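Student: I am new to this structure and would like a close look at a single part of it. Could you pick one residue, describe its surroundings, and then show me a few other spots in the chain?

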Amino acid sequence: NTNLNQNRRSISSPLYKDFKYFIQRLAIKIETHFVQNAMREAKNDYIMIVSDFYREYLYKPSNYLKGIICSNFPTPEEKQLAYMLSMELNIPVCQYKGIIEQNTEIIIDSSNNQIIMNPSAEVSEDFKSKISQRQDSNIMYDPSLIAPGYKVYASTANVNEIDSIASNDIYSGICVYKTECSFAANRGTPKLEEAFEEYLEVFRRSNGKEIFINLPDFRKEMTIEEMNGESIDRYSFLGNLYTFDTWLKAIAKAVEITGVDVKIAIPQIRIDNEFDFFKNTIEVFFEEQGLSIPKVGILIETETAMENFEEYPLFDFTIIALDNLIEEYSEPSEYLDRYRDVSKEKFLELLLLNLRDIHRYYMSLKGRTRHIVMGRCLKNQGILQRIYGMGFTEISVPINNISDVIPQLSTSLLKVKKHFSRHNMKEKKKLEEKM
């Protein structure tokens with residue numbers, strides 16, 4: 001009995017748990033290493049079918065990877081992260097526990113988290129049509145759809161989608177390139193050389209277009225092991241200097257080689273002195289490297305930032321992250337995550353007054369601080385029309401949602417013009433009556 005109790009104590013000891021965790025992580029590293037090598041050797045489009053999903057499969061994904069089907073997720077948190085990375089990288093991930101025979105035709109319906117095996121010709125054609133609409137690299141949109149003075153940007157986290165943005169005249173640039181995704185898919189801070197290669201590729205492929213890149217927007221559900229689920233703020237920054245030093249060095253090194261005029265957005269700003277801390281840190285770092293100081297702005301994505309924007313110092317630019325704001329403003333009883341479609345009514349209820357005040361404030365400032373509205377919810381024509389109606393002229397949407405937005409652009413702008421035309425006619429008539 002004494003020996004048995006001693007064995008039980010040793011199995012439950014922190015040292016044993018650490019050793020067990022190390023062995024598990026080593027096994028995952030070995031397995032994902034061989035799988036990633038096989039993925040890199042592929043020269044044709046493929047769907048990956050695996051028993052267990054590991055986030056590393058989505059680290060620097062091949063351009064030929066068109067989807068992942070897995071039987072299991074290690075934890076509920078890993079499942080949530082898989083679907084988030086899937087949405088940001090535009091690579092569908094789906095769970096299926098059945099048997100898939102050889103030579104089976106498969107469609108991954110990521111919207112409903114299901115696969116369709118041996119679909120009918122009608123269903124197959126329908127999905128092919130939807131897929132072709134979303135393959136924006138093959139669609140050259142007419143830039144005349146955008147009225148003079150208006151700009152459209154695309155956001156992405158996938159290097160392989162940069163060519164599509166760079167070659168399409170409808171885009172003014174990238175806003176934003178989401179850097180936290182590659183960190184999260186790697187499960188930790190990448191090696192400096194790996195991070196540098198990623199940003200060098202982004203900058204080179206951008207073809208001179210404007211680039212906004214964000215400081216990694218870590219949060220509980222999109223994190224790395226070093227952060228322990230912490231959100232990004234000055235304290236987590238100082239507590240994880242290796243991570244952010246690696247990020248800054250990689251960005252600076254890529255800027256030095258390409259000469260790109262990158263703009264850096266700081267996420268999750270809450271208290272007014274946080275921005276000065278991040279801005280000063282970035283400026284000092286770039287000065288020490290002998291590089292020009294980049295423009296630094298913020299992502300408005302917290303309720304605190306939305307309510308207290310007038311108290312903050314002046315920024316070089318502001319990006320209003322609608323999807324994250326809708327998620328933060330929603331009631332616990334009706335939680336709206338940033339990937340869910342939101343109705344015009346719900347959007348207006350949550351954000352309309354604050355957005356109107358933000359636009360008026362930034363337009364009233366000397367020099368007029370740039371403010372870009374970003375979000376997948378802009379594919380809702382009612383929301384897009386209200387954004388334009390309030391006077392915003394710069395928007396950004398995820399590249400995999402642009403095909404939903406393009407048909408709405410000219411319609412929304414036309415309706416806004418008609419509205420202001422009618423308003424001006426009424427004002428003119430009132431003036432004539434007074435005279």
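Tutor: Happy to help; what follows starts with a few ground rules, then turns to one residue and finally to the wider chain.

This is a predicted model, in which local features need pLDDT of at least 70 and side-chain atom pairs count only at pLDDT 80 or more, while totals for chains, interfaces and linings use all residues. Residues are numbered from 1 along each chain as its sequence is written, and side-chain values use heavy atoms, leaving out hydrogens and water.

Let us go to Glu 301, which sits in the loop between strand 10 (295-300) and helix 11 (303-308). Helices (H or I, at least four residues) and strands (E, at least two) are DSSP runs, numbered from the N terminus. Glu 301 is buried, with a relative accessible area of 3%; buried means under 20%, exposed over 50%, and partly exposed in between, using a 1.4 Å probe and protein chains only.

What does its side chain meet there? One partner is Asn 324, whose side chain joins that of Glu 301 in a polar contact of 2.5 Å. Such a contact is a pair of N or O atoms within 3.5 Å; within protein, one must be able to donate a hydrogen and the other to accept it, and residues adjacent in sequence count only if both atoms are side-chain atoms. A polar atom of the Glu 301 side chain also lies 2.9 Å from the backbone nitrogen of Gln 268. Setting aside neighbours within four places in sequence, the residues in contact with Glu 301 (heavy atoms within 4.5 Å) include Asp 217, Arg 219, Pro 267 and Leu 325.

Now for the whole chain. The chain has 15 helices and 13 strands, and 49% of its 435 residues are buried. Of the contacts between residues at least 6 apart in sequence, 64% join residues at least 24 apart.

A few backbone spots are also worth finding. Most residues other than glycine have a negative phi, and most peptide bonds are trans. The peptide bond from Cys 175 to Val 176 is cis, with omega near 0°, and Val 176 belongs to strand 7 (residues 173-177). Asn 118 has a positive phi of about 45° without being a glycine; Asn 118 is in the loop between strand 5 (114-117) and helix 4 (121-134) and is exposed at 54% relative accessibility.
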